[in-house]
Structures are given as structure tokens and as C-alpha cells.
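Trainee: Could you take me through the nonpolar core of this protein, and then show me what lies around it? I would like one connected account.

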Amino acid sequence: MTDAKTQSIAGRDKPAFDRRLLPPMMLGSVLNPVNSTIISVALVPIAKALGAPASQTAWLVSALYLATALGQPVVGRLIDIFGPRRLFLVSTSLVGVAGVVGTLAPNLGVLIASRVLLGFGTCAGYPAAMALLRSEGKRTGQDNPGGVLTALAVANQTVAVIGPLLGGLLIGVGGWRATFALNIPLAVAAVLLGLWRLPKAGATGDRGDEPATGGSPRRGSVAARIDLPGMGLFAATLTSLLLFLMNLHLRNWYLLLIVAAAGAAFAVRELRTATPFIDLRVLGGNTPLLATYARALVAYVVAYAFLYGFSQWTEEGYGLSPFHAGLVQIPMFLMAIGISVVTGRRKSVRGKLVVGAAGQIVACLLILTLSGTSPVWLLLLVALIFGVPQGLNNLALQNSVYFQADPERTASSAGLLRTFAYIGSMVASSATAASFGEHAGTGGMHQLARVMLGAGVVYLLLTVCDRTLGKAAAATDTARTGK
């Protein structure tokens, strides 16, 4: 028998990725983006119904981001310890509870509380998916998740397109409460899929409720492995930072003192404990992963500033209706989906990041040429160009974390990626508010574009100066060929 035939037979004998895991993985991962986008069209009806000003309804957006930024690494660490199944089931059940609370909310305070519950409830989807990818790679011996990561990215980007349209349809049929009630059937479906498709402990290797490190956690060591003091200090540090970023003003200087004090205490705690929540020794020595987190932060500053700022300007500065302002952004999402599908299986990380950074820079330069009299096709062109980095950056960052993270902390590392992304979103929100002031005029849009351009340049420099990026592709080749 020839070597070629032997390799072919060996390839056929290798177990394949369990496609039954895809439905719960994809549904779990889109719970957050669907709630992030659908609220955009519900803010005005909620304000009118509850008699609340825009400054208060804005907390419906911030509450979800704050809870998610905090919860992703926490839930991710719990998934690393206890496995994805039980955390997925608990979290998605919480989404259903949040849907009930939001649907029946008598006032804005209860409604904000339901968004906080939603934020924590949607935290398990993405880290659980990354943990399952890692365990499937270990089981099959084919650690090449490009196709699955592409499917997750396309699902999230598709939801971003249909979210506002779905929200408008639900509001037209059942009022703004219908946008919260939607979470009830979604949660039921996610829980049922999780029960049906996610493997139980010991079912097939270590894919189920067994921790990623192998074996079941001993009862006496669970509290120590969770590191509740470390999680609490991390929460205090991140919450204070995000509250400061959400409302940049000198009168909030005390929040920075809390950030510094809590951050220092967190560092001391994590360096001294045997089983830290975030292993700063390992993370500090993992320069490639730290560089990826830094790239994620600046990349999402640009992405969210465009989503927040450009849409506001097209309405107030350019004069489009909210419906037509939404249509202008459709080319970006469609381009992002197409780019993800075409490039998803390609192993290049550096190439995707470089082209993504270049796309952001070109789009920002085009924004600087826009005015209230610019032709509509130029607005569509800007959105279309922004679709290129939207499709490339998400995939490249996900792949980078997957191959750079400590295998035993895959879920928590993936959660931290989302945390840095949400910190970027808060920076973008503050930059948008500072640039526009009380009116989203063309001058403010140009000022915001200069901030975005600076972030885009930093992103490009972080990419071209990072010599470790080729390791992700090399890891893919090694995992695929076994050499």
C-alpha cells in the first residue's frame, strides 16, 4: 500500500468535529448581539411609555455592556473549571428569567435590572463555544477550528443586520415589551438544545461537565479554584473603569482612584494565590496574547465609534430618516458576512489583521471628506469599506486567542477578549459624546473620525510590529498535519 493511500485511509479514520454541537453553540453566541442591536429601536418607545429622558434610557444599553464585560471572563473561568454544559444551561436559563422580568417591568429601574440579568445570562455562549472547540480538537486530533469560527462570526454578523429590523417588527406587533419577551422562547430553545446536544460528563472524553484540565473538581478545592476574592477585586476594578469611561468628566476622578486601588489589590492577590482567577504570571509572560487584547481594544474603538457616531451623523448631520440611516449601514454588514465566508478557512492571521487595519484607515480618511451635501453613494461606499475590517478583524482576533491562550484557560481567555472589546466600546461611546456634544454635526463627525484614524493607526502598528503572529498559522499547520 502506498504512503498516499495510507495517509488517505488514516485521514478517513480520524473522528470529525461533532456537528451536533453547532446549534447550541451558535444560538448561545447570538443571544448577546441580538439583545445589543434590538434595543436600539426600542429606546424611544420605552422613553415615551415610561416617561424617562434619553440620559436614563441610555442605561439600558450600558447596563448590558457593563454586565457582559464583567461576566465574560468570570463565566469563562467557571467553564474552564466545571465544563461548558452546566454553565451554558444556567446562563441561558437566566436569559429567560430576564425576558420575563423585562416583559413585566413596571418601571425603568426594573427594566435596567433585567438588562443586567441579560448581560450575565448571555456571558456563557461565546466562552462555552471556544471551550467546546478546544475539547473537540483534543478529541479529534484536528485542532483547526476555522470553519466553526467562521460560522459563529457569520451568525453574529447576520444577527447584527436583522436585529434592528426584527425589533421594529416586534414593536409594531406587540409594543416595546415584545423585544424583551423574545428572550423567553430563545432561552427555552437554547436550554433544550443544550440538554439535547451538549455532552454530559464522561460521555465522550472531557467534552462535557468535566473541567478542561481533566477530572472532576474536588469539593474541598472548589472555592479555592474559583478564587472569589480575585473575582471580586476584578469586578471592582473593571466596574469603576467602565463607569469612568461611560461619563468622562473631572468630577469623576475618584473612580480612577478606585481603579488604581482595586487593581493593585487584584494584582497582589492573583500573584500570591495558588489558583488565581486570572493567572497574571502566565498572562504577563504571554506577550502575543497581550498584544491581541490590545489590538482588540483599539479595533473595537474604531468599530463601535463608527456604529455609534456614523449613524447619528447620517440622521442629524446629513438629514436621513432613522429607517434610511439604518439602510446605509446594511452594505457594511453584508460585506462583513461575505468576507468572513470567503476568508474564514484561510490560516493567515497577520494578513487579515493588516488588511483589516488598512480598511479602517481608508474608511476614516473617506469620512473626513464627507459633508452634508455629499452624495448618498459616498456614504454607502464608506459603509462598504468598513465591512472589510468588520469581517476580517473578528475572525483574526478569535483565531489568535484560540491558539495563543493557555489551553486550560481557553474559555476565560476568550471571555477576556470580549471584555477588552467592550472596554473599546465604552471608549468609543465617550469619544462620540465628546465629539458631537448636543448635535451630531459634520464638524463633530470629522473630529470623531480623527480619533478613529488614530486608533486605526495604532492597530496597524501593533500588527506590523508583532513578530509572533505567524505562530497562530504555524500552530494550525502543526495541528492539522501532526508535524
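Mentor: Happy to. The largest nonpolar core has 110 residues, and those touching the most other members are F306, F310, I367, F386 and M452. Helix α16 gives the most to this core, with 14 residues. Please keep in mind that this is a predicted model.

Let's look at F306 in detail. Leaving out residues up to four places away in sequence, F306 touches S311, Q329, M332, I367, V382, A383, F386 and M452. Three of these names, I367, F386 and M452, also appear among the core residues that touch the most other members. Apart from this core there is a second, separate one of twelve residues, including A42, L60, I171 and F180.

M452 leads us on to helix α21, where M452 is one of the buried residues. This helix covers residues 442-464, 23 residues in total, and reaches 32 Å from its first C-alpha to its last, close to the 33 Å expected at 1.5 Å a residue. Besides M452, the buried residues of α21 are G444, M445, H446, L448, A449, L453, A455, G456, Y459 and T463. And what covers them? The cover includes α16 (287-316), α18 (350-367), α19 (376-404) and α20 (410-436). Helix α16 thus comes up twice: as part of the cover over α21, and as the element that gives the most to the largest core.

Now for a contrast between two helices, starting with α6. A98 lies in this helix, and A98 counts as buried because its relative accessible area is 0%, where the cut-off is under 20%. Not counting residues up to four places away in sequence, A98 touches S114, L117 and L118. A98 and A181 are 83 residues apart in sequence, yet their C-alpha atoms are 8.9 Å apart in space.

Helix α6 (84-104) also takes part in something at the surface, together with α11 (183-197): each gives two or more residues to a nonpolar patch. The patch is formed by V100, L104, I184, V188, L192 and L195, with about 530 Å² of accessible area together. The most comes from α11, with four residues. One patch residue, V188, is found in α11. V188 is classed as partly exposed because its relative accessible area of 45% falls between the 20% and 50% cut-offs.

For background, nonpolar side chains in soluble globular proteins tend to be buried together.

Definitions and conventions. Residues are numbered from 1 along each chain as its sequence is written. This is a predicted model: local features need pLDDT of at least 70, side-chain atom pairs count only at pLDDT 80 or more; totals for chains, interfaces and linings use all residues. Side-chain values use heavy atoms; hydrogens and water are left out. The expected span of a helix is 1.5 Å times one less than its number of residues. Buried means under 20% relative accessible area, exposed over 50%, partly exposed in between (1.4 Å probe, protein chains only). Contact means heavy atoms within 4.5 Å. Patches are made of residues with over 30% relative accessible area and no salt bridge: like charges are joined within 9 Å, nonpolar side chains (Val, Leu, Ile, Met, Phe, Trp, Tyr) within 5 Å. Accessible areas come from the Shrake-Rupley method with a 1.4 Å probe; for residues, only the protein chains shown count as cover. A salt bridge is a side-chain nitrogen of Lys or Arg within 4 Å of a carboxyl oxygen of Asp or Glu. A nonpolar core is a set of buried Ala, Val, Leu, Ile, Met, Phe, Trp, Tyr and Cys residues joined through side-chain atoms within 4.5 Å.
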